[in-house]
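I opened this notebook to record what I looked up, entry by entry, and how I read each result.

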Amino acid sequence: MSKSPLVAVSMAALSLNLMSGGAVFAASGEAEATQTRTQRAAAAAAARDQEAQEGDTEGEGAPEAGANRRNRNSQPAPPTPEEIAASAQVVATAAASGCQVTSANLLGQTEENFLTYEAACASGPGYILIASTPPRAIDCVLLAGQADIERSRDPAADVGTQCLIPQNTDVVRVVRAYAAEAGITCTVDQGASIGKSRDENLIYEVGCDGVDGAWIERLPTGWKLTECVQVVGQNGTCRFSTAAEQNATLKARFASSAEAAACDPTQARYMGANANGSFFEAKCAAGNGVIVRFDTQFAVQQVYPCEVAQRIGGGCTMTVVPPLPETAAPATR
C-alpha cells in the first residue's frame, strides 16, 4: 500500500469547503414564481413576528394602526411543501450537488437574506442549501462528522446548523453505499466522515460487524481503502473497529495455509508492505507468534515463526523470542 500517511482527524483537516457550481443562481419560469412566493412567505412571517411584539400598544381608536394590522393579515399563505421542494431543487441544481430533491424544509434566511433549505435527496447525502450567489450546498454527512469531532472535544460545543430530516441523519446509510463502491463486502454497522487526507480528499471511516473496518478515501478516480489494522499501524485511530475484529479478520485469512492456520491470533499488527507483499505479525493463543506475508489478495505466501523472523521488519514485537546468534566472523589466516 502507499506509504503516505493519512492526516490525523482534526478540525483543520475537516474544513468544509462549501460546494458550489459555476452558475449564478437565477430562477426562471415556474421556479422563479415559486422562489418569489417563498420569499414573500418569509417576509410575512417576519411581519407577523413584528405585529406580535407591537401587540396592543397601538390604540383601538387609531384607524391607521388598524389598517396596518389588516394589511399584515392579508399577506400570502405560506409556501406548500411542493413549492419548497421546487425552490430547493433550483438551488441544488445550480450548486451542482447532484441531488434530486425528494423533500425539503425552509429553514429561514441568512444574515445576508439568502433563503436556506434542508433537502433530502433520492440517493446519497442530504444538503443544507443556501440560495446565495453563487448558491451553496453543504453535505449533511460532512456536517455530522464535523459535529462529532467538536463534541468529542467539548460535549457542550455549539456545532451550528445540522441536518434534521430523518433520512439525512442516517449517516450509516450513506457511508454503507460508499463502502460498497470501495469494494467493502462486510455488513456495515457504523460510519462517519472523519476528515481529509493531505491531498484534500475526503475520508470516511467504515465499521463492520465482526470483522475489521476501514478508512476509505475518495480519490478523483475512485476510492482508496485502508484497513483499520493498517491505520493503527500508521499511528491512526479507528473508532468503529476492535482488536477482536482485527484478529478475526486475520484468522480468516490464515485459513488458506495449514501452517498459518495453526496460529489462533490474539493480537495482530500490520508491519508494512513491499514488492513481495504485505506483512502482518500475529501473537498466537498457543506457542510462539508468526509473521505472515500475503499477496495483494491476502492469500498466504509465507509464514515465518518469530524465532527466525528477527530480520524481517525488525522482527516480532508481541512475542518474546531469543535473539539469533551472531554470524561468525570469517576465519583469517
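**Entry 1: Gln246 and its surroundings**

I began with Gln246, which, leaving aside its neighbours within four places in sequence, is in contact with Asp212, Cys228, Val229, Val232 and Ser241. I note at the outset that the model is a predicted one. Gln246 is found in helix 8, and I find this residue buried, with a relative accessible area of 11%.

**Entry 2: the nonpolar cores**

I then asked which residues have the most contacts inside the largest nonpolar core. They are Tyr178, Ile184, Tyr204, Val206, Ile216 and Trp223, in a core that has 18 residues. Looking up where this core comes from, I found that helix 4 (140–153), helix 6 (171–181), strand 6 (202–208) and strand 7 (214–219) are the elements that give two or more residues to it. Helix 6 supplies the largest share, 6 residues.

I followed one of these core residues further: not counting residues up to four places away in sequence, Val206 touches Val175, Ala179, Ile184, Val188, Gln190, Gly213, Ala214, Ile216 and Ser241. Apart from this core lies another, of 17 residues, and I noted Ala95, Tyr127, Ala131 and Ala137 among them.

**Entry 3: helix 3**

I checked the length of helix 3 (residues 81–94) against expectation: at 1.5 Å a residue its 14 residues should span 20 Å, and the end C-alpha atoms are 20 Å apart, so the two agree. I next asked how many residues of helix 3 are buried. The count is 10 of its 14 residues, and I therefore enter the helix as mostly covered, with under 20% relative accessible area as the cut-off for a buried residue. The buried residues are Glu83, Ile84, Ala85, Ser87, Ala88, Gln89, Val90, Val91, Ala92 and Ala94. Helix 3 is followed by Ala96, whose phi is positive, near 55°.

**Entry 4: the hairpin of strands 3 and 4**

I looked up how strand 3 (residues 127–130) is joined to strand 4 (residues 136–139), and found that the two run antiparallel and are held in register by 4 bridges. Ile130 stands opposite Arg136 in strand 4. The two strands form a hairpin with 5 residues between them. Pro134 lies in the loop between strand 3 and strand 4, and the peptide bond that leads from Thr133 to Pro134 is cis, with omega near 0°.

**Entry 5: salt bridges**

A search of the whole structure gave me 4 salt bridges, and I wrote down the following pairs from among them.

- The side chains of Glu227 and Arg253 meet at 2.4 Å, N to O. This pair links distant parts of the chain, with Glu227 in strand 8 (residues 222–227) and Arg253 in helix 8 (residues 243–254), 26 residues apart. Glu227 is buried, with a relative accessible area of 11%, and Arg253 also counts as buried, at 17% relative accessibility.
- The side chains of Glu281 and Arg269 meet at 2.8 Å, N to O. Here too the pair links distant parts of the chain, Glu281 being in strand 10 (residues 277–284) and Arg269 in strand 9 (residues 265–274), 12 residues apart. Glu281 is buried, with a relative accessible area of 0%, whereas Arg269 is partly exposed, with a relative accessible area of 23%.
- The side chains of Glu200 and Lys196 meet at 3.5 Å, N to O. I find Lys196 buried, with a relative accessible area of 7%.

**Entry 6: positive phi values**

Most residues other than glycine have a negative phi, and most peptide bonds are trans, so I looked up the exceptions in loops. Asn113 has a positive phi of about 70° although it is not a glycine. This residue is found in the loop between strand 1 (101–109) and strand 2 (115–121). Is Asn113 buried or exposed? It is exposed, with a relative accessible area of 54%.

Asn235 likewise has a positive phi, near 70°, and is a residue other than glycine. Asn235 lies in the loop between helix 7 (228–233) and helix 8, and I enter this residue as exposed, with a relative accessible area of 75%.

Definitions and conventions
Residues numbered from 1 in each chain as written. Predicted model: local features only at pLDDT ≥ 70, side-chain atom pairs only at ≥ 80, totals over all residues. Heavy atoms only, no water. Core = buried A, V, L, I, M, F, W, Y, C linked by side-chain atoms within 4.5 Å. Buried < 20%, exposed > 50% of the residue type's maximum accessible area, 1.4 Å probe, protein only. Contact = heavy atoms within 4.5 Å. Expected span 1.5 Å × (residues − 1). Pairing = 2+ DSSP bridges.
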